[in-house]
Each structure stands twice: as C-alpha cells, then as structure tokens.
Amino acid sequence: MKLAIVGTGYVGLVTGTCFAEVGHRVICVDNDANKVKMLQAGGIPIYEPGLEELVKKNVASGRLSFTTSTAEGVQLSDVIFIAVPTPPQPDGSVDLSFIERVARDIAAAMTGYKIIVDKSTVPVKTGEKVTETIKRYCPAKVEFDVVSNPEFLREGFAVGDLMNPDRVVIGVRSKRPVAAMTEIYEPFKAPIVVTDINSAELIKHAANSFLALKISYINAISAICEAAGANVEEVAHGIGLDERIGKRFLNAGIGFGGSCFPKDLSAFIKISEQVGYEFRLLKEVQQINARQMDRFVKKITDTLWVLKDKKIGVLGLAFKQNTDDVRSSPAIDLCQRLIKEGATLRVHDPKGMDKAKALLKEGVTYVDDMNDVAQGCDALVVATEWEEFKQLDLDLARKNLSHPIMFDGRNLFDPATMEKLGWIYKSVGR
Ligand code: NAD
C-alpha cells in the first residue's frame, strides 16, 4: 500500500521503516529539514538497535523515502499516519497543537478519499477534533476517514516490537477504513483489535498508566523491603511467577522516566478529571515515583554527607538501556540533583552522551570509556540498566575511586559479591 508517515521521530521512523520492510511504499515526512537531509543522505538521527540496516535496505529498494512536504506525502499516499509529538503542558494536560497543525496541513492537500490515522498518543476524543479540523480546512471537501491506531513500541526494542506486536489496535467510526488498515498490518500476523475511536485512544493511556503503576508498586515494595530487611528481587520473583501478575515490569530502581510514562500518566489524570473522575490511584503512582528518587538521593547524601566539592562518577544517562533517548530520564534528573548539591560529575552512557550534552553542561565531564569514569571520584552511581555496565572492571574502579563506594540505582550487581570484594555497596530494596 502507499503510506505516508508525518513525523519522523522514534515512532514515525521505526513505523515507516517496518512498513516498508514488509512491502509497503512509504514516504516519511518531517518539518525538521536537517533531519530529512540527514536521512536522505543515509544518516540516522536516533539510535535504535537494528534500525540503521533496515532503513538503508528499504531506501535502496525504493520503498522508503523522506520529504519535508506534508502535501507531497498526502498526494503520494492512500493512508496518512500522524506520529508527531504530544508533549505535556505545565498543568499535565496534552499540547495538541502539533496534531492540529498536521491535520490542517493534510486537509489542505487532500484531493480524494484518504484515511488519516493517528498514531501519536492523544487524549480520548481527539479523533473527533481531528475529523472536525479536516472537514473545516479541506478546500476540496473530499471524503475521508479518521482512525486511531496507538503505538505500543518500546524504545530500545522498537524494531522487534513493530515487527512482532502483541496486538494492533484500530479505532474506527465506520467499517470503511478497516479493510485497508487490516491489509497494512496483515504481514505482522498480530491479533487486531477493532474498536470505536474513543476506546482505542483510551487503551493507550490505560495501558501506559498500568505499566507505570506496576513499576511504582514494586518500588513501594522496595522501600518496605529496605525497612524490613527483605530482598525486593526475591519478592518480585515470588510474586511474578503468578501468571495473573507476570514477571515483567517488576524491577525496582530509581523510578520510571522517558518521554512517555510521566507525560501519559499526567495526561490520563487530567483526562479523567475532565470527564469527572478523580484518579487518585494514579496520583499516588506519581508520588511513589518521585519519592523513589528522593530515597535514592538520600542514600547518597547519608553516606557521602556533604556533596559540595565531591566528585561522583555516573554510569548511565539514557532513560533506559538500548536507547540514546534522554528525555525525562531519571538518570539526568539524578545528575541535576547531585550538581545542585555542589558535586561535580564524570559521566558515561554507551549511546546517550551526545543528547545529554544539551541538558547537562556545567560541572560535568563526559567520559568515553566506562572504565575511566571512576577516576578520582568519591563514589560511583549506576543510573541506567545497560547490560554492559555489568562488565565494568570492578578492580580498576576500586583503585580509581578514593573510596570503594557504589550506589546502584538499577540493582545490576550482587550485594553479597560486592561486599566480599570490599565495596560499600548500596542498591534498591535489598
Ligand atoms: P519525536 O519527537 O521523536 O518525533 C516527532 C517528530 O515529529 C519530530 O521529528 C518532529 O520534527 C516531527 N514534527 C513535529 N511537528 C511536525 C509537523 N508539523 N510536520 C511534520 N513533522 C513534524 O516523538 P516520538 O517519540 O516519535 O513520539 C511521537 C508520538 O508517539 C507521541 O505522541 C508519543 O507519545 C507517541 N509514542 C511514543 C513512543 C516512544 O517510545 N517514543 C511510543 C509510543 C507512542
């Protein structure tokens, strides 16, 4: 099929590439001319495992191309996906101005029937607004359908998630666009859930809020484990084997972050408020998340006492492993808090350093090799769960530190082993 994706970021680029990979002809649109130039020249603006090879392969086959013109994307396609940002506003509600802008741009270029698919995460009833906007701004007054098709990919695993989705949600107002949407997703062999548009929009916020809730739940348990002398990993294992609960998302740490969970949670609280329901449970999920970081910072200050003029090595800047994304990263938040207390930092992240440089400047030295981070530091902090940090040369790190102190916010190391090796080792919930 002929598809356009408006917004070529984490979601748009991966979606467009995977659609091309299964045989569709895809044109990706972005209003960031530098990004489009880079993609047209064979560069990739984000790090996502497996993506670069797929982009190159599909560009070479002629199935994937890039443009800055939404009009061109609309003219060349039957189905147009919207994958632009939906950032939070100061009160937690969603800024829908990007969606509205794109709806108008699409409307202006439509000369025949099109299916417009919202893939961005949006509040319930946004589909209705998009429909109204397109009707109003389409001079040709042609027929069209608006579809909600929320995206569930995880950064760091996005290609795999796109190629093997747990389910595909398609929210429609009439039957007309269902056949085309089913054909687009047919190669992925996933269960397809067809709903009304409002339900599809709600599924995304309800799913992300539930996952955030699961993380806050285990983080609350980690606080109890610390106070009671239990081990959160053993508790998580014991409860996760119950299939009704499941093992995933039960890793205690320094809290959730990233460009989705915090904003989607605030949005869902706001959306619920607007329809007359006070979602206190989700407010508490936010509070637990904030307290989890407070508790971790307190662990550092309880041990190091005064942070002013201390040098701290930090492993990890990305919001999770396998990504270069540092947006709303708990690791960045942690660094900012340590800097505010007067510490200077030596930091390393396998993929996130370039993007972190825009957020962390004063008092930060970026170190290329993880094994050099500890040099001259008073303590080492693990802030992101990169697998490769488990290969850290612990002997060298001990020699490089003034004292062998590690605060492990991701429980990467085994407490008993670390103590045997002579470390003062503080982790989460154990
Ligand atoms: P992103 O910031 O990485 O990418 C968005 C892209 O849209 C940018 O390249 C930007 O230049 C472009 N853009 C903005 N306005 C435009 C316009 N008027 N015309 C053309 N392009 C425009 O964002 P993202 O992480 O891909 O997220 C997009 C949406 O998908 C959001 O609603 C997000 O909540 C949702 N989502 C994200 C993830 C994720 O893991 N990142 C997962 C599921 C859903």
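Which residues lie nearest the centre of the second largest pocket? In this predicted model, the residues nearest that centre are Leu 96, Pro 123, Val 124, Thr 126 and Lys 129, and they belong to a lining of 18 residues. The volume of the second largest pocket is about 310 Å³, and the elements that contribute two or more residues to its lining are helix 5 (97-109), helix 6 (126-137) and helix 11 (261-274). By residue class, the lining of this pocket divides as follows.

| Class of lining residue | Number of residues |
|---|---|
| Nonpolar | ten residues |
| Polar | four residues |
| Charged | four residues |

Turning to the interior, the largest nonpolar core has 38 residues, and Phe 19, Phe 81 and Met 181 are those with the most contacts inside it. Helix 1 (residues 10-21) gives the most to this core, contributing six residues. When neighbours within four places in sequence are left aside, Phe 81 is in contact with Phe 19 and Met 181, and its other partners include Leu 3, Ile 5, Val 6, Val 117, Lys 119, Asn 149, Ile 184 and Tyr 185. Another core, of 36 residues, lies apart from the largest one, and among its members are Leu 250, Ile 300, Leu 334 and Met 353.

A last site is Ser 427, which lies in the segment after strand 14 (424-426). Ser 427 counts as buried because its relative accessibility is 5%, where the cut-off for buried is under 20%. Its side chain makes a polar contact of 3.0 Å with the side chain of Arg 430, while, not counting residues up to four places away in sequence, Ser 427 touches Glu 226, Lys 299, Asp 408, Asn 411 and Pro 415.

Notes:
Residues numbered from 1 in each chain as written. Predicted model: local features only at pLDDT ≥ 70, side-chain atom pairs only at ≥ 80, totals over all residues. Heavy atoms only, no water. Core = buried A, V, L, I, M, F, W, Y, C linked by side-chain atoms within 4.5 Å. Buried < 20%, exposed > 50% of the residue type's maximum accessible area, 1.4 Å probe, protein only. Helix = DSSP H or I, 4+ residues; strand = E, 2+ residues; numbered from the N terminus. Contact = heavy atoms within 4.5 Å. Polar contact = N/O pair within 3.5 Å; in protein donor to acceptor, adjacent residues only side chain to side chain. 1 Å grid on protein atoms, 1.4 Å probe; cavity = no way out; pocket = protein on both sides within 12 Å on 5 of 7 lines; lining within 4 Å. Points joined across faces, edges and corners; volume = space filled by probe spheres on them. Nonpolar A, V, L, I, M, F, W, Y, C, P; charged D, E, K, R; others polar.
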